[in-house]
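This briefing is meant for a reader who is meeting the structure for the first time. It begins with a term used for strands, and then moves from the whole protein to some of its parts.

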Amino acid sequence: CKVYEDVADLPTLRYDFVVVGGGTAGNVVANRLTENPNVSVLVLEAGPSNEGVLDSEVPFFMANLLTANAYNWNYTTTPQSGLNGRTIGYGSAHILGGGSAHSKYPVRTHITDGMVYSRGAQDDFDRYAALTGDEGWSWKQILPYFLKSEKWTPPEDQHDTQGQFDPSVHGRDGPISVSLTGFPWSELEGRVIQTTKELPDDFPFNLDMNSGQPLGIVYMQSTIGGGERSTSATGYLAPKFIQRPNLHVLLHAQVSKLVNVTQHQGKPGFGGVQFRYGTSLFVAEASKEIILSAGSIGTPQILLNSGVGDHTALEALGLPTVLDLPSVGQNASDHGFVGADWAVNSNQTIESITQNTTRFDQAFEQWNTSRTGPFVDALGTHIAWLRLAADSPAFETHADPSPGPGAPTSSKYPGGITGGVGHFVGFALAMVSPVSRGSVTLSSSDPFATPLIDPGLLADDFDMIALTEGVALIQKFLTAAAWNGYMARRRMSPRGAQHGVVDPDLTSRVLRPIVPGAHTQAATYAVAERGADLVKKRWTL
Ligand SMILES: Cc1cc2nc3c(=O)[nH]c(=O)nc-3n(C[C@H](O)[C@H](O)[C@H](O)COP(=O)(O)OP(=O)(O)OC[C@H]3O[C@@H](n4cnc5c(N)ncnc54)[C@H](O)[C@@H]3O)c2cc1C
């Protein structure tokens, strides 16, 4: 096995490529580059192995990863102006596989969701192509990379999936398994589908969210296969890949900065990566390139530590500037997220398992012995990809941030959930086209100090109005007769209330100038696949 737990076992510290961060993207690039046996790659991952981590393997257990633990960087944001100055816990994966092996939402939201496989809209990628002037990012040209990373997989309950997805838009041979839910929550599913028939103007049924046209209510697709979470570690570092002699992964290696500054045609570059293992510092050398894939916090932090960033800010910390690039760590954006639960007159709910030790033990036994049963899902049955109404007051504060009419402004999930005693159905609402922007900056000249993380959650009025209207949309969804006799009472408390279970609360990740209007792992896989191809082309590998 080439996943090293101890730096002393690593055969060398000289490679063609060093990949910083063995997360969703990093493992893709490491895999693709080492297809060529003449190319050596080292992946440096700060976190521990994903092997045997039940909370990562069992889809149902994903919420357990959200509390402070060794698999989480356990960050806290700076005081958020959009949250009345509150700071909030900010989950970020610290495990081989990164976010793909982790889960996304802070536990206070009580949302058992994650592993969502959503690519985004054609409009998203066509906008990237227009902004960059590179047609390679257009939907048409990025689609083959989505297909390359994906392995469409039958659901664990082997139910008839006709009419629940479009086979023509899915990949068959990639490393990442994607499937429909594998355990029936028939009562809830029936009501959701019935609602699309009763209120088709607001909530039309859409066969597949991954066709480039995601709008509407779709069946959930998740990165799950064989009843287990499928991750960049289980997929791109599967045994047949990790046994390549030219691919090495070192765990527990926290990168501090890039070193060995070079100059090429007047441009600075780096030939080495400094990292801490235990209490000692080491340098891994890269003769060709260093791939920075340390996620939305780690990547800007490492760049700033290396002297790539705003000269004035670096100077104030006493750090030398290698390249004055003020945009590093700026323009952070994130998906604001709110959860709302309704008590229901039904016992076909998650609480019937989580609040009953006997049923819980039975479900776990079933998963252990056959990888079937309720634990094979992260428990969202459907997703709605929705747009704000054209006359929304949000548009009086800001132009439409979404890339076009075919892209959503928000997503919501009927399904799963909650906390508290009783039976509930939860609806989570995510702002997938946020206007608010924040930053990641250094707190000190110590490269291992936690950076200042300001995701700017709800900082812009647009996002606050859009989120509020999104909650109103959930209420509208529930006006369909399909829900008569099922919904008992609402559990969401007013913002800032001293009572109640759920308060508007936010989460997530992603620090790109513009995020795709989707949950972002699918796009990360596709971007990393294309990124690997671009590197190969550069070095004619
Ligand atoms: C917890 C979580 C759950 C998510 N759930 C979903 C979902 O359900 N559906 C969806 O579509 N998207 C989801 N996302 C988003 C998706 O996972 C991300 O888009 C994706 O993980 C981003 O990949 P990445 O490679 O950029 O970063 P990551 O996957 O976060 O990988 C970064 C890696 O770098 C490592 N690292 C960081 N700093 C250093 C350092 N200094 N030295 C060494 N290693 C370092 C980290 O430990 C981590 O393993 C989730 C995101 C998070 C954070």
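Two strands are said to pair if DSSP finds at least two bridges between them. By that rule strand β19 (residues 337-344) pairs with β22, since 7 bridges join the two, which run antiparallel. The model is a predicted one, and the points below are grouped by topic.

**The protein as a whole**

- The protein contains 14 helices and 25 strands, and its C-alpha atoms fill a box of roughly 70 × 55 × 45 Å when this is taken along the principal axes.
- For 541 residues a compact globule would have a radius of gyration near 24 Å, and because the protein has 23 Å, its value agrees with that expectation.
- Of the 541 residues, 54% count as buried, and among contacts between residues at least 6 apart in sequence, 73% join residues at least 24 apart.

**The surroundings of the ligand**

- There are 39 residues around the ligand, and those that come nearest are G21, G23, G98, G99 and G298.
- By class, this shell is made up of 24 polar, 12 nonpolar and 3 charged residues.
- At least two residues of the shell are supplied by each of α1 (24-33), β13 (254-264), α8 (295-305) and α14 (521-538).

**Strand β22 and its partner**

- Strand β22 (residues 424-431) is mostly covered, with 8 of its 8 residues buried.
- In a regular strand the side chains alternate between the two faces of the sheet.
- In β22, F424, G426, A428 and A430 point one way while V425, F427, L429 and M431 point the other way, and all of them are buried.
- Within the pairing described at the start, W342 has V425 of β22 as its bridge partner.

**A sheet of three strands**

- An open sheet of 3 strands, with antiparallel pairing, follows the order β18-β23-β24.
- The strands at its edges are β18 (330-332) and β24 (452-454), and each has a single partner strand, so one side of each is left without a neighbour in the sheet.
- From one strand to the next, the twist averages 35 degrees.
- Strand β23 (residues 438-441) and β18 pair in the antiparallel sense over 2 bridges, and A332 stands opposite G438 in β23.

**Helix α4 and its cover**

- Helix α4 (residues 139-149) has W139, I142, Y145, F146, K148 and S149 as its buried residues.
- The elements covering these buried residues include α3 (122-132), β6 (150-152), β7 (176-180) and α14, and α14 also supplies at least two residues of the shell around the ligand.

Technical notes: Residues numbered from 1 in each chain as written. Predicted model: local features only at pLDDT ≥ 70, side-chain atom pairs only at ≥ 80, totals over all residues. Near = placed C-beta within 6 Å. Helix = DSSP H or I, 4+ residues; strand = E, 2+ residues; numbered from the N terminus. Nonpolar A, V, L, I, M, F, W, Y, C, P; charged D, E, K, R; others polar. Rg over C-alpha atoms; globule rule 2.2 N^0.38 Å. Buried ≥ 20, exposed ≤ 12 C-beta atoms within 10 Å, placed from the backbone. Contact = placed C-beta atoms within 7 Å. Axes fitted to C-alpha atoms, helices over the stretch in contact; angles between N-to-C directions.
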